Amino acid sequence: MTNRRMSARRITMAATGVAALLAGTFTMSQANAQTPTFTPDVLSSQAAVELATTLEDTLSANTAGTFYDAQTETLVVNVTDTAAVSEVQATGAEARLVDHTLAQLEAAANEVEELAVPGTAWGIDPVSNAVKVTVDSTVTGDALAELRSGVEALGGQAVLEQVEGEFSPYIAGGDAIYTSGARCSLGFNVTIGGQRGFLTAGHCGSTGSSWSATSGGAAFGTLSTSVFPGSDYAAGTYSSSIASPSSVNLYNGSTRSITGAANPVVGQTVERSGSTTGRHSGTVTALNVSVTYPQGTVRGTIQTTVCAEPGDSGGALFSGNTAHGLTSGGSGNCSSGGTTFFQPVVAALNAVGATIP
């Protein structure tokens with residue numbers, strides 16, 4: 001793990017001599033130690049991702065979510081038991097005591113799902129230690145009233161917010177790729193069963209559809225897998241000699257090499273590349289979010305503040321040299337901003353047996 005800089009472990013022990021006059025003689029008391037002050041490691045967002053990934057396998061304590069605090073540049077781990085604090089601190093992360101366990105929040109999320117209508121997204125927000133329920137502008141009237149009542153009944157375990165626009169897959173059209181009159185964006189080049197392949201969004205096209213680099217151009221590959229809704233990923237293999245480097249287009253005349261894949265952390269700064277709006281950046285606001293589009297519900301998405309527009313679908317979400325997701329859908333645009341959801345690339349890679357590069 002590479003830290004931009006590591007906070008020193010400074011445990012100050014102070015001893016004070018106390019003299020007492022007893023039966024005409026002096027006796028020195030034992031030194032009294034001050035309570036140690038914990039200072040979490042200062043991490044880059046990339047180092048925080050690496051640490052968060054490690055903690056999933058190493059912590060024995062039950063946690064209630066993890067997020068990156070960009071202001072203090074530290075990784076924060078929610079715990080509900082004081083006994084877990086020291087174990088978290090031993091990793092260099094900050095332990096934060098919260099009220100709601102992960103199991104309680106998962107149960108609350110299941111209750112929200114029963115009320116969800118098209119235009120609703122919900123997922124556990126580790127920053128607020130609650131299920132964040134987001135509705136677009138199409139959710140009104142009785143549906144909104146019922147959802148608001150249900151969220152209020154969950155007390156502090158859920159919060160409701162409204163956003164402008166309509167949640168929808170960003171289809172209309174990384175680099176632009178075309179099929180049957182539709183334009184999407186290539187996500188990442190991968191290797192599938194020893195063959196050169198690529199990932200994009202599942203809602204962009206069906207299994208067996210052919211794709212080209214120009215509208216009406218010769219096909220460079222065919223989708224072998226396409227999943228939407230439920231998830232939103234598609235994988236294809238190249239059938240031509242077209243170059244397929246493991247990189248993303250930065251839309252400034254350069255590219256960024258992609259050397260691996262990982263799930264991001266809440267609070268992390270990420271970038272997106274797409275054929276309609278180019279490259280934009282934003283922040284991860286939630287993980288494992290379910291979003292109900294008019295076509296159905298997609299589960300397990302990454303929710304961000306990165307803007308996107310139709311045609312950016314399938315495009316790459318990344319940070320540094322690490323792949324994070326494939327653009328799925330959302331609301332808003334790159335003039336006023338918006339909310340965007342991404343299919344986690346790790347889940348897509350595992351599902352199709354692919355690797356990067």
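Helix α1, formed by residues 45-58, lies across strands β3 and β4 and runs at about 30° to β4. The model described here is predicted. The strands in question belong to an open sheet of 3 strands with mixed pairing. A second point of interest is L144, which is found in helix α4.

**Sheet and helix α1**

- The strand order in the open sheet is β3-β4-β5.
- Because β3 (63-69) and β5 (94-97) stand at the edges and each has a single partner strand, one side of each is left without a neighbour in the sheet.
- From one strand to the next, the twist averages 25°.
- Strand β4 comprises residues 74-79 and pairs with β5 in the parallel sense, over 4 bridges.
- Within this part of the sheet, V79 stands opposite L97 of β5.
- Helix α1 lies across two members of the sheet, β3 and β4.

**Residue L144 in helix α4**

- Helix α4 spans residues 141-153 and includes L144.
- The relative accessible area of L144 is 10%, so this residue is classed as buried, the cut-off being under 20%.
- When residues up to four places away in sequence are not counted, L144 touches V135, V139, L160 and Q162.
- L144 and A116 are 28 residues apart along the chain, and their C-alpha atoms are separated by 9.6 Å.

Notes:
Residues are numbered from 1 along each chain as its sequence is written. This is a predicted model: local features need pLDDT of at least 70, side-chain atom pairs count only at pLDDT 80 or more; totals for chains, interfaces and linings use all residues. Side-chain values use heavy atoms; hydrogens and water are left out. Two strands pair if DSSP finds at least two bridges between them. Axes are lines fitted to C-alpha atoms, for helices over the stretch in contact, and angles run from 0 to 180 degrees between N-to-C directions. Contact means heavy atoms within 4.5 Å. Buried means under 20% relative accessible area, exposed over 50%, partly exposed in between (1.4 Å probe, protein chains only).
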